[in-house]
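The report that follows describes selected helices, strands, single residues and ligand contacts. Please read it beside the sequence and the structure shown here.

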Amino acid sequence: MTASPHERDLEIDPADAPERATTRLSVRTLKLTDFRNYGGARLDLDARPVVLVGENGSGKTNLLEAVSLLGAGHGLRGRPYAELARHEGQGGFAIAATVRTRHGELDIGTGLVPGVGEDSTGRTVRIAGKDRSAGALGDYVKHVFLIPAMDGLFTGGGSDRRRFLDRLVLAIAPGMRSSLNRYDRAMRQRNRLFQMREHSPSLFEGLEEQMAEAGVAIAAARLDAVDRLSALIEETRAAQGTAPFPHAVLSLHGTLEADLAERSATEAEDAFRILLEEFRDRDRAAARTLEGPHRSDLLVVHGPKNAPAAICSSGEQKALLLGLVLAKAELIKTLEGTAPLVLLDEVAAHLDTRRRKALFDEILRLGVQAWMTGTEPELFSPLAEDAQILAVNRGMIEP
Ligand SMILES: Nc1ncnc2c1ncn2[C@@H]1O[C@H](COP(=O)(O)OP(=O)(O)O)[C@@H](O)[C@H]1O
Ligand SMILES: [Mg+2]
């Protein structure tokens, strides 16, 4: 790689003091093949934020989705991979990128091979030429995102909030993935026993023990992540006074989370195991497990108003959520020295001029390659030379 003479291209993030110099995580090239409405597209980028402008249906969110698949997880829409293959294509898709990470510049490729997509639930992943798991991407590329589908996060059911919470936890404690999987597997087996009208205690005991062990690990990781994020939010609030985005007051609502606040992990584990045993009959009647970390919830209060987020105006909820997502990006940067990619779909249009300016300032202060979309280029004019503005038009991308 040749070093660019321009400051915006510097490997060292100028926003950081020399002793904490970090590489700015940034996508440098991105090639899409048969991905959603893109037959073939290529982007060449520098480290600056990326702005995608285009009419509705042109492919802006699709592009953000492609970028999100450079990290671990199922992408920002969480859709089955087969859906991502272009309708007119062969049934597969490919995303190839060079990404500047804290481990240097890396080739990352991911996709679905035509023909195997229908039954297979996985995607292929190659990092620096080697076959890897999708989870391994998280070591190199992290991202946070805010998309319109999250607008109802505070008013909707708990499962979306739980996913939001667990994405936060996984970003800073990737090890929680195995606890989540272990808990889920044991719980599904236990539920199956109910459906099979199985009563033998010995069958339940082993599964409940696994659920107690994994469940406490999940709850502990969640508590830790929420504590860290809350501390960072509080610090920012103390430093900024009246911030552009309302601060969130977070708490966790759940059997194990509450228990862990009061006693040791071993005690909480025993208590949950006993609770599962006691509730066996009740759970049998429902044919599922009614209590546990799979039911926990993240409670968010609008700090300045001291009101639950769910009863705030939709504008206030959006600002609160944006503040939370930016705080999460900052937390990742604090813990790892590298800020994540920040993917913001249709966010700018919903902010007044002052907040929009504040968002851009925050993005530049964080020193992240943010990816933002909008229908009107004027929305992004305050960014001027600080961003790369691209026009998206029916699966074609132009500077
Ligand atoms: N698998 C697919 N194959 C072809 N087109 C698709 C596929 N999935 C979505 N699309 C199309 O992509 C278009 C652009 O979607 P999107 O990126 O959401 O637009 P926007 O620019 O408004 O964010 C939509 O018209 C949608 O029908
Ligand atoms: Mg869109």
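## Helix α8

In this predicted model, helix α8 takes in residues 314–336, and its 23 residues reach 33 Å from the first C-alpha to the last, close to the 33 Å expected at 1.5 Å a residue. Helix α8 is mostly covered, since 17 of its 23 residues are buried. Just after the helix comes Gly 337, which takes a positive phi of about 85 degrees.

One residue of helix α8 is Glu 316, which counts as partly exposed because its relative accessibility is 23%, and buried residues must fall under 20%. Leaving out residues up to four places away in sequence, Glu 316 touches Pro 246, His 302 and Lys 305. Glu 316 and Leu 203 are 113 residues apart in sequence, and their C-alpha atoms are 49 Å apart in space.

## Helix α2 and its cover

Helix α2 (residues 158–172) has 15 residues and reaches 22 Å between its first and last C-alpha atoms, close to the 21 Å expected at 1.5 Å a residue. Its buried residues include the charged-residue positions Arg 161, Arg 162 and Asp 166, and also among them are Phe 164, Leu 165, Leu 168, Val 169, Leu 170, Ala 171 and Ile 172. An α-helix has 3.6 residues a turn, so residues three or four places apart point the same way.

What covers the buried residues of α2 includes the helices α3 (176–195), α4 (201–240) and α8, together with the strands β9 (248–253) and β10 (297–302).

## The sheet of β9, β10 and β11

Strands β9, β10 and β11 form an open sheet of three strands in that order, with antiparallel pairing. The edge strands are β9 and β11 (307–308), each of which pairs on one side only. Strands β9 and β10 run antiparallel and are joined by six bridges, and in this pairing the bridge partner of Ala 248 is His 302 in β10. His 302 is also one of the residues that Glu 316 touches.

## Strand β3 between two parallel partners

Which residues of strand β3 are buried on its two faces? In strand β3 (residues 50–53), Val 50 and Leu 52 are buried on one side and Val 51 and Val 53 on the other, so that both faces are covered.

Strand β3 pairs in the parallel sense with strand β13 (residues 370–374) over four bridges, and within that pairing Val 53 has Gly 374 as its bridge partner. Strand β3 also pairs in the parallel sense with strand β14 (residues 388–393), over four bridges, where the bridge partner of Val 50 is Gln 388.

## Strand β1 and its antiparallel partners

Strand β1 (residues 26–35) is mostly covered, with eight of its ten residues buried. Strand β1 pairs in the antiparallel sense with strand β4 (residues 93–101) over seven bridges, and in β4 the bridge partner of Ser 26 is Arg 100.

Strand β1 also pairs with strand β2 (residues 38–44), again in the antiparallel sense, over six bridges, and here Thr 29 has Asp 44 in β2 as its bridge partner. Two residues lie between β1 and β2, which form a hairpin, and Arg 36 in the turn has a positive phi of about 50 degrees.

## Ile 397 in strand β15

Is Ile 397 buried or exposed? Ile 397, which lies in strand β15 (residues 396–398), counts as buried because its relative accessibility is 17%. Leaving aside neighbours within four places in sequence, Ile 397 is in contact with Tyr 38, Ala 41, Leu 43, Leu 63, Leu 390 and Ala 391. The C-alpha atoms of Ile 397 and Phe 154, which are 243 residues apart along the chain, are separated by 34 Å.

## Surroundings of ligand 1

Ligand 1 is surrounded by 15 residues, of which the closest are Gly 57, Lys 60, Thr 61, Asn 62 and Ala 85. A polar backbone atom of Gly 57 is 2.7 Å from an oxygen atom of ligand 1, while a polar backbone atom of Ala 85 is 2.8 Å from a nitrogen atom of the ligand. Arg 36, in the turn between β1 and β2, has a backbone N or O atom that lies 3.2 Å from a nitrogen atom of ligand 1. Taken alone, ligand 1 exposes 580 Å², and the protein buries 74% of that.

Methods
Residues are numbered from 1 along each chain as its sequence is written. Chains are lettered from A and ligands numbered from 1 in the order in which they are written. This is a predicted model: local features need pLDDT of at least 70, side-chain atom pairs count only at pLDDT 80 or more; totals for chains, interfaces and linings use all residues. Side-chain values use heavy atoms; hydrogens and water are left out. Buried means under 20% relative accessible area, exposed over 50%, partly exposed in between (1.4 Å probe, protein chains only). Two strands pair if DSSP finds at least two bridges between them. Contact means heavy atoms within 4.5 Å. The expected span of a helix is 1.5 Å times one less than its number of residues. A residue is near a molecule or strand if one of its heavy atoms lies within 4 Å of it. A polar contact is a pair of N or O atoms within 3.5 Å; within protein, one must be able to donate a hydrogen and the other to accept it, and residues adjacent in sequence count only if both atoms are side-chain atoms. Accessible areas come from the Shrake-Rupley method with a 1.4 Å probe; for residues, only the protein chains shown count as cover.
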